[in-house]
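Trainee: I've just opened this one and don't know my way around it yet. Can you walk me through it?

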Amino acid sequence: MIDAYVDSLLLALRHDRSLARRVRREVEDHLWEAVRADPSVESREAQRRAIAVFGNPGLIAAQFAAVSLQKQTRRTGAAVVLIVAGVYITMKARVAWYALMECAISNEIAAIAQLVGSIDRYSFWLSVVLGAGCWAYSGRGGFQVSLSRKHRNLCRRFIFLCSAAAIALVVSVISDAVLTLLRLPKVDLSLEFLIPTLSMLCEILGAGVLVGQIRSTAQRVAITRTMLEAL
Amino acid sequence: MLKGHLDLIVLAALSGRPAHGYAVIEEIRRKSGQAFDLPEGTIYPALHRLEQAGLLVSHWETADSGRRRRVYALTRRGRGALAERRAVWQRFSDAIGGLLGTEPLTRLT
């Protein structure tokens with residue numbers, strides 16, 4: 001009976017596996033302790049009582065989902081800032097490498113490179129500004145048990161800011177990739193080719209992780225809202 | 001009313017010594033003279049939320065029964081938050097006490 005109750009609670013928390021694992025152990029421990037503390041009655045009846053006193057699994061799962069959402073938003077706010085900073089360091093390191101290797105862009109494509117470079121710069125700094133906004137919003141937290149209008153708007157603005165920061169960063173990374181392709185003389189296994197390519201892969205990976213993180217946050221907002229509305 | 005003060009209640013229950021969820025509920029019942037009858041399960045999201053806010057820390061411990069339990073304890077910040085909330089509650093309680101007073105009630109009787 002206790003297993004079935006815990007399973008129903010965890011089914012609603014399957015979007016956060018680490019939380020679900022911890023909740024399973026805590027809730028099982030609690031319920032069996034309650035059964036042990038009620039030795040006068042038959043075990044099945046004691047289990048039924050322990051479950052009844054523990055409360056509605058839908059309500060408890062929704063409360064856990066709100067806690068999980070708050071953690072996720074903080075993580076996403078930090079991820080935006082760290083990934084944008086990481087891309088900046090990678091970009092600067094690559095430029096320093098080009099200077100060291102005296103790898104210049106030929107005159108025929110200088111105009112295109114300048115245009116792409118401008119797009120890169122503006123989109124990157126836009127991602128910095130939006131990323132700072134995400135980070136500030138994530139610290140505001142306050143994702144309460146009832147996802148009130150105020151908190152729904154907070155979530156909506158947070159997801160919008162994060163998405164806008166991610167789009168600006170993706171544009172910047174694509175521009176970087178174009179500039180890297182314009183600069184690289186030929187495809188081979190020399191350091192001159194491998195270092196910029198690897199740094200580009202790091203940028204692409206960072207942007208991918210950020211997009212995944214934002215997607216996961218948006219999903220959790222939707223799940224938490226659905227759970228709270230079902231109460 | 002209880003819902004709005006759950007964090008204060010949990011922090012107060014943990015002020016004596018670290019405890020796992022079941023013991024926190026027992027402590028709340030004992031200290032409140034069985035006055036608070038909240039669904040036991042709602043204590044766990046509150047414990048997780050307070051831990052996330054840095055007011056509690058927790059670790060796994062093995063009980064005599066062999067089961068592993070998550071034991072929660074107040075942090076320095078948690079003690080500060082409890083003292084602050086206790087002071088706010090005291091001011092509120094004094095203000096309500098002053099408003100209700102005993103004088104009008106004795107005059108009625």
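Mentor: Sure, let's start with one residue: Arg36(A) is partly exposed, because 14 other C-beta atoms lie within 10 Å. Keep in mind that this is a predicted model.

Trainee: Where does Arg36(A) sit?

Mentor: Arg36(A) belongs to helix α2 of chain A. You can also place it relative to Gln47(A): the two are eleven residues apart in sequence, and their C-alpha atoms are 9.4 Å apart in space.

Trainee: OK, zooming out. How many helices and strands does chain A have?

Mentor: Seven helices and zero strands. Read from the N terminus, the order is simply α-α-α-α-α-α-α.

Trainee: And is chain A spread out or compact, going by the radius of gyration?

Mentor: Spread out. Its radius of gyration is 25 Å, while the globule rule gives 17 Å for 231 residues; that is well over the rule, so chain A is more spread out than a compact globule. The box around its C-alpha atoms, taken along the principal axes, is roughly 90 × 40 × 20 Å.

Trainee: What share of chain A is buried, then?

Mentor: Buried residues are 37% of the 231 residues in chain A.

Trainee: How are its contacts spread along the sequence?

Mentor: Take the contacts in chain A with a separation of 6 or more: 81% of them are between residues 24 or more positions apart.

Trainee: What domains is chain A divided into?

Mentor: There's domain 1, covering 2-55, and domain 2, covering 67-229. The C-alpha centres of these two domains of chain A lie 42 Å apart.

Trainee: How many residues do the two domains of chain A put in contact with each other?

Mentor: Four residues of domain 1 of chain A are in contact with five residues of domain 2 of chain A. On the domain 1 side, by class, you get two nonpolar, one polar and one charged.

Trainee: Got another residue I could look at in chain A?

Mentor: Try Ala12(A), in the loop between α1 (2-11) and α2 (17-36) of chain A.

Trainee: Why does Ala12(A) count as partly exposed?

Mentor: Ala12(A) has 19 other C-beta atoms within 10 Å. Being buried takes 20 or more, so a count of 19 leaves Ala12(A) partly exposed.

Trainee: What is Ala12(A) in contact with, leaving aside neighbours within four places in sequence?

Mentor: Ala61(A) and Met227(A). For a distance across the chain, look at Ala12(A) and Tyr88(A): they are 76 residues apart in sequence and 39 Å apart in space, C-alpha to C-alpha.

Trainee: And Ile112(A), where is that found?

Mentor: Ile112(A) is in helix α5 of chain A, residues 110-140. With 13 other C-beta atoms within 10 Å, Ile112(A) is partly exposed. Exposed would take 12 or fewer, so 13 still gives partly exposed. Val178(A) is 66 residues from Ile112(A) along the chain, and their C-alpha atoms are separated by 9.9 Å.

Trainee: Let's switch to chain B. What's its secondary structure?

Mentor: Chain B has five helices and three strands. From the N terminus on, they run α-β-α-α-β-β-α-α.

Trainee: How much of chain B counts as buried?

Mentor: 28% of its 109 residues. As for contacts in chain B between residues at least 6 apart in sequence, 46% join residues at least 24 apart.

Trainee: How do α2(B) and α3(B) cross?

Mentor: Their axes come within 10 Å and cross at roughly 105°. Angles of 65 to 115 count as roughly perpendicular, so that's what α2(B) and α3(B) are to each other.

Trainee: Which residues make that contact between α2(B) and α3(B)?

Mentor: From α2(B) it's Gly21(B), Val24(B) and Ile25(B), and from α3(B) it's Ile43(B), Tyr44(B) and Leu47(B). By class, this contact has five nonpolar, one polar and no charged residues.

Trainee: Last topic: how many residues does each chain give to the contact of A with B?

Mentor: Chain B gives 15 residues and chain A gives 17 residues. On the chain B side, the elements with two or more residues there are α2 (21-31), α3 (43-52) and β3 (68-74).

Trainee: Which of them gives the most?

Mentor: α3(B), with five residues. By class, the side of chain B that touches chain A has four nonpolar, five polar and six charged residues.

Conventions
Residues are numbered from 1 along each chain as its sequence is written. Chains are lettered from A and ligands numbered from 1 in the order in which they are written. This is a predicted model: local features need pLDDT of at least 70, side-chain atom pairs count only at pLDDT 80 or more; totals for chains, interfaces and linings use all residues. Two residues are in contact if their C-beta atoms, placed from the backbone, lie within 7 Å. Helices (H or I, at least four residues) and strands (E, at least two) are DSSP runs, numbered from the N terminus. Ala, Val, Leu, Ile, Met, Phe, Trp, Tyr, Cys and Pro count as nonpolar, Asp, Glu, Lys and Arg as charged, and the others, Gly among them, as polar. The radius of gyration is taken over C-alpha atoms; the globule rule is 2.2 Å times the number of residues to the power 0.38. Domain bounds come from an automatic or database domain assignment. Axes are lines fitted to C-alpha atoms, for helices over the stretch in contact, and angles run from 0 to 180 degrees between N-to-C directions. Angles under 35 degrees count as roughly parallel, over 145 as roughly antiparallel, 65 to 115 as roughly perpendicular and the rest as oblique.
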